[in-house]
Amino acid sequence: MLRLSSNTTLFFKLFLPIFYTTVVGCITAYAWLGPDEHFEIVDRESLKWALVAVFILGTITLYLLCWPLKRVEADDTHVYVSNYFRTVRYRWAEDVASLDTTRFMLLFKVGFLELNGKGSFGKRMFFLVKQSHLRKLKEAFPGLVPEKS
């Protein structure tokens, strides 16, 4: 079985959102609840609302970009999709409509796995691609991976 997802998926899916919400949430809470003498240099009201905005916007961004990421593994008959809490198995021939890749912000190669019908994680799932593993899968099993036409 080949892992098609990049190792950085775990970082972006779990570590980054937890770290961000914990650190920025604690800083925001301290700005609201901390003693006044620690905030003599800046306008505390502006700082409090700016931190709330940064926390909310950052959390929404992480929710939209990182939370939907999946871990994808495959063999010659099935593709396994996991959100790190639950794993679902789909058959290449019957369940998978296409697997496409694209660049995201010139930094990451993102894969889109589209199913013929609605699956446990939806009809379309995306993941960070480990290009060498995807290439190995396509070379080992030519014609297995359906491409969008």
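In what order do the four strands of the open sheet sit?

## The four-stranded sheet

In this predicted model, the strands of the open sheet line up as β1-β2-β3-β4, and their pairing is antiparallel. β1 (2-3) and β4 (87-91) take the edge positions with a single partner strand each, so one side of each has no neighbour in the sheet.

Inside that order, β2 (residues 71-74) meets β3 (residues 78-82) through four bridges, again in the antiparallel sense. If you want a spot to look at on this pair, try Glu73, which sits opposite Tyr80 in β3.

## The β5-β6 hairpin

Next up is another antiparallel pair: β5 (residues 96-104) and β6 (residues 108-119) are held together by eight bridges. Here Asp100 faces Phe112 of β6 across the pair.

What links the two strands? The hairpin has three residues between β5 and β6, and Met105 adopts a positive phi near 55°.

## Helix α4 and what covers it

Now for a helix. α4 spans residues 131-140, and His133, Leu134 and Leu137 are buried in it. Those buried residues take up an arc of only 100° around the axis, which means they lie on the same side of α4.

Which elements cover that buried set? Among them are β1, β2, α3 (92-95) and β5. That ties the helix back to the strands described above: β1 and β2 belong to the open sheet, while β5 is the strand joined to β6.

Note on methods
Residues are numbered from 1 along each chain as its sequence is written. This is a predicted model: local features need pLDDT of at least 70, side-chain atom pairs count only at pLDDT 80 or more; totals for chains, interfaces and linings use all residues. Side-chain values use heavy atoms; hydrogens and water are left out. Two strands pair if DSSP finds at least two bridges between them. Buried means under 20% relative accessible area, exposed over 50%, partly exposed in between (1.4 Å probe, protein chains only). The arc is that of the directions from the helix axis to the C-beta atoms. Contact means heavy atoms within 4.5 Å.
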